[in-house]
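Got your viewer open? Let's take a walk through this protein together, picking one thing to select at a time.

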Amino acid sequence: MNLQKYEKLRDKFEGLSFESNFSTINKTLYYFSYLGNVFLILFSYFFLKTVTDTIPTLFTGQAVSFSIFIVLFMTGYELFKRFAIEQLFQNWFLNKKATITFLAGTLVCMALTVGSFYLSVKGSHRLIDGTKTQVAVNDTLINTKVTQLQTRYDISTSTAQKQFDNITSLINKLVDASSTQSRTLTKAEQKNISKWELQLTTIKLEKAKLDSTFKSDKNIIVTGTNTAASDVTENKENNLAFLLLTFFLEILIIAGVGFNGYYGVSSYDQMKTLMRTEKYQKLTNNLVMLRVFYHNGSKSDGDICPPTNKFTSVAKSQIPNLRGLDVVNFLNILSELQITQSKNKKSKVFAVSYDKALALLQDEKIKI
């Protein structure tokens, strides 16, 4: 196996494996859960906005002021919910027992989640209800159009029928008069009857046209009514989709925030375990001795290093149970890393700054 590949695998499985392996998942879930909060705020806004719209106008710009207030209030609500859920998960993973504080926190988180879910679902219903209202309005307009169409049709057919009856009456009068008088129709009477019969034919054609137009227009209106009914069915399906979406968003927030709490506690436990090992205890002691050696970071490269005896005395006062061998090993590490260099047989100087020396000691690849 390639040595470099082996070192990468060793760092992955023997180092802070949980913290490094799950860092990407934690960040993805945590920041993606904010998207859930944004949508829940949006849905809640539609519900609360309809409530505030019922308040009588009290001042200029009331609608805009209430809109801003709703957004700010729901943003604070969602942030508080995130904080409460994260603290609840951290409390559980740290203590791993159901204390009174944990049970109280659970009730608070449940109340916040249920409240957020309720407001969001009601808000999504407002979107659906708005569409249903529009469909109902369309149905009313359609019925109105049908009534108006029927009224126009009745007036037109009634007028045509009256004309037809009047002309028929005139023709019958001439025919009856000629029969009573036992005479034939005169040329003028025959001419009038021909003209009236032509008018009757025209009226019949107009009535047939009115019937055809009425049926066609009514069919168009009925088709529009059927389309509105299908819109209502589609709105019911959208209602279920919004309900499931809101539920998913709540689960996303709980998963993102909860896993972040678990990730923090687990990373802390793993770090605490590693810090108890001999290697990391040495690293901690060396970092403290480095701070003392550099006089709290005030020394820079080129300055003379403190005498060994004086440094050992100060270091032991800062680190309990520090052995003289630990100090010797520390000074040897500084020489090996070229943090210090010999100026002469009796003294040494700093070769790098404090920050550079700190970075060298913290390098996990250095074997202490």
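Before the first click, one bit of vocabulary: a residue is called buried when its relative accessible area is under 20%, exposed when the value is over 50%, and partly exposed in between. Keep in mind, too, that you are looking at a predicted model.

**Stop 1: the whole chain**

Show the protein chain as a cartoon. You should find ten helices and two strands. Going from the N terminus, the order is α-α-α-α-α-α-α-α-α-β-β-α, so follow the ribbon along and tick them off. The chain has 368 residues, and 29% of them are buried. Switch on the surface if you like: the chain exposes about 23,700 Å², with carbon and sulfur atoms supplying 61% of that. Now think about contacts between residues at least 6 apart in sequence: 77% of these join residues at least 24 apart.

**Stop 2: helix 4**

Select residues 62-95, which form helix 4, and pick out Leu-79 in it. Is Leu-79 buried, exposed or partly exposed? Its relative accessibility is 46%, so Leu-79 counts as partly exposed. Add Tyr-34 to your selection: the two residues are 45 apart along the chain, and their C-alpha atoms are separated by 9.3 Å.

Stay in helix 4 and click on Phe-93. Which residues does Phe-93 touch, leaving aside its neighbours within four places in sequence? They are Gly-258, Tyr-262 and Val-265. Take Val-265 and set up a distance from C-alpha to C-alpha: Phe-93 and Val-265 are 6.7 Å apart in space, although their positions lie 172 residues apart in sequence.

**Stop 3: just past helix 4**

Next, select Lys-96, in the loop between helix 4 and helix 5 (100-180). Here's something to look at in the backbone: Lys-96 has a positive phi of about 55 degrees, and it isn't a glycine. Most residues other than glycine have a negative phi. Lys-96 counts as exposed because its relative accessibility is 60%.

**Stop 4: helix 6**

Jump to residues 187-275, helix 6, and find Ser-267 there. With a relative accessible area of 10%, Ser-267 is buried. Not counting residues up to four places away in sequence, Ser-267 touches Phe-18 and Glu-19, so show those two side chains as sticks.

**Stop 5: helix 7 and its partners**

Colour helix 7 (residues 278-293) and helix 10 (residues 354-362). These two pack at an angle of about 170 degrees, and their axes are 10 Å apart. That angle makes helix 7 roughly antiparallel to helix 10. On the helix 7 side, select Leu-283, Asn-286, Leu-287, Leu-290 and Arg-291; on the helix 10 side, they meet Tyr-354, Ala-357, Leu-358, Leu-361 and Gln-362. Sorted by class, this contact has seven nonpolar, two polar and one charged residues.

Now swap helix 10 for helix 9. What angle do helix 7 and helix 9 make? It's about 75 degrees, with the axes 11 Å apart. Helix 7 and helix 9 are therefore roughly perpendicular to each other. Asn-286, Met-289, Leu-290 and Phe-293 in helix 7 meet a set of helix 9 residues that includes Asp-326, Phe-330 and Leu-334. This contact divides into eight nonpolar, one polar and one charged.

Did you spot Leu-290 in both lists? Select it alone. Beyond its neighbours within four places in sequence, Leu-290 is in contact with Phe-330, Leu-334, Tyr-354, Ala-357, Leu-358 and Leu-361.

**Stop 6: the nonpolar cores**

In soluble globular proteins, nonpolar side chains tend to be buried together. Let's see that here. Show Met-289, Leu-290, Phe-293, Tyr-294, Phe-311 and Phe-330 as spheres: of the 21 residues in the largest nonpolar core, these touch the most other members. Helix 7, helix 8 (308-318), helix 9 (324-336) and helix 10 each supply at least two residues of this core. Which helix gives the largest share? Helix 9 does, with five residues. Apart from this core lies another, of 18 residues; among them are Leu-48, Leu-88, Cys-109 and Leu-249.

**Last stop: another loop**

Finish at Asn-296, in the loop between helix 7 and helix 8. Asn-296 is not a glycine, yet its phi is positive, about 60 degrees. Asn-296 is exposed, with a relative accessible area of 59%.

Definitions and conventions. Residues numbered from 1 in each chain as written. Predicted model: local features only at pLDDT ≥ 70, side-chain atom pairs only at ≥ 80, totals over all residues. Heavy atoms only, no water. Axes fitted to C-alpha atoms, helices over the stretch in contact; angles between N-to-C directions. Helix = DSSP H or I, 4+ residues; strand = E, 2+ residues; numbered from the N terminus. Parallel < 35°, antiparallel > 145°, perpendicular 65-115°, else oblique. Contact = heavy atoms within 4.5 Å. Nonpolar A, V, L, I, M, F, W, Y, C, P; charged D, E, K, R; others polar. Core = buried A, V, L, I, M, F, W, Y, C linked by side-chain atoms within 4.5 Å. Buried < 20%, exposed > 50% of the residue type's maximum accessible area, 1.4 Å probe, protein only. Areas by Shrake-Rupley, 256 points an atom, 1.4 Å probe, with all protein chains shown as cover.
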